[in-house]
Amino acid sequence: MRPLTDEETKTFFEKLSSFIGRNIVHLIERPDEQYCFRFHDNRVYYVSEKIMRKATSVERDSLVSLGICFGKFTKSGKFKLHITCLDYLAQYAQFKLWIKPNGEMPFLYGNHVVKAHLGRISDDVPEHQGVVILSMSDMPLGFGVTSRSSADMKKLDPTGIIAFHQADVGEYLRQEDTLT
């Protein structure tokens, strides 16, 4: 477990800022206690500094997980967010997209969001922007990237894709062995 390098930090914060923007500050500067991001086994963990100090006594090979996994770095150096960070993304998201009940199951099976399933969307969402996808009862279901701006979505036909799927809560079941 180690701090992120400058290049890793830049890549990680660029990806995270596409979803929560300047709200990254709220993740690091918390009123209750200090939190930090740590790198372990190609994954980035969000952990309190108190727990991080205690974890230094654990052997590196024996340490499986620490805190909340925000995602992992691929072999090519890109960062991929995991569904395990959804609670924080939903709490601090700049843009949100609500889907109708008939669109929840297709999304939870890994499909993109089509216009027919759109319940509502945040105002002035740009194209290729990270969005948190919620049910109509404000339960976070996952996250993705918009395919069009919110103004252009109005012109699409009902089968047009409005958000590309990146992760959903169904992954807890489909990929449980690779999430830790």
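Start by selecting E8, which sits in helix α1. Keep in mind as you go that this is a predicted model. Is E8 buried or exposed? E8 counts as buried, because its relative accessibility is 14%. Now show its surroundings: leaving aside residues up to four places away in sequence, E8 touches R2, F39 and F73.

Next, widen the selection to the whole of helix α1, residues 6–20. This helix lies across β9, β10 and β11 (161–168), and runs at about 50° to β9. Then pick helix α5, residues 101–108. Helix α5 lies across β6 (96–99), β7, β9, β10 and β11, at about 80° to β10.

Hide the helices for a moment and turn to the strands. Six of them form an open sheet with mixed pairing, in the order β7-β11-β10-β9-β6-β8. At the edges you will find β7 (113–114) and β8 (118–121), each pairing on one side only. Now zoom in on β9 (residues 130–135) and β10 (residues 140–146), which pair in the antiparallel sense over five bridges. Which residue of β10 does G130 stand opposite? Select V145 and you have the partner of G130.

Last stop: the cysteines. How many disulfides are there? The count comes to zero. Select C36 and C69: the closest cysteine sulfur to that of C36 is in C69, but at 14 Å it is too far for a bond. C69 has its own closest cysteine sulfur in C85, and the 8.1 Å between them is also too far for a bond. For comparison, the cut-off for a disulfide is 2.5 Å between the sulfur atoms. C36 is buried, with a relative accessible area of 8%, and C69 is buried at 6% relative accessibility.

Methods: Residues numbered from 1 in each chain as written. Predicted model: local features only at pLDDT ≥ 70, side-chain atom pairs only at ≥ 80, totals over all residues. Heavy atoms only, no water. Pairing = 2+ DSSP bridges. Helix = DSSP H or I, 4+ residues; strand = E, 2+ residues; numbered from the N terminus. Contact = heavy atoms within 4.5 Å. Axes fitted to C-alpha atoms, helices over the stretch in contact; angles between N-to-C directions. Buried < 20%, exposed > 50% of the residue type's maximum accessible area, 1.4 Å probe, protein only.
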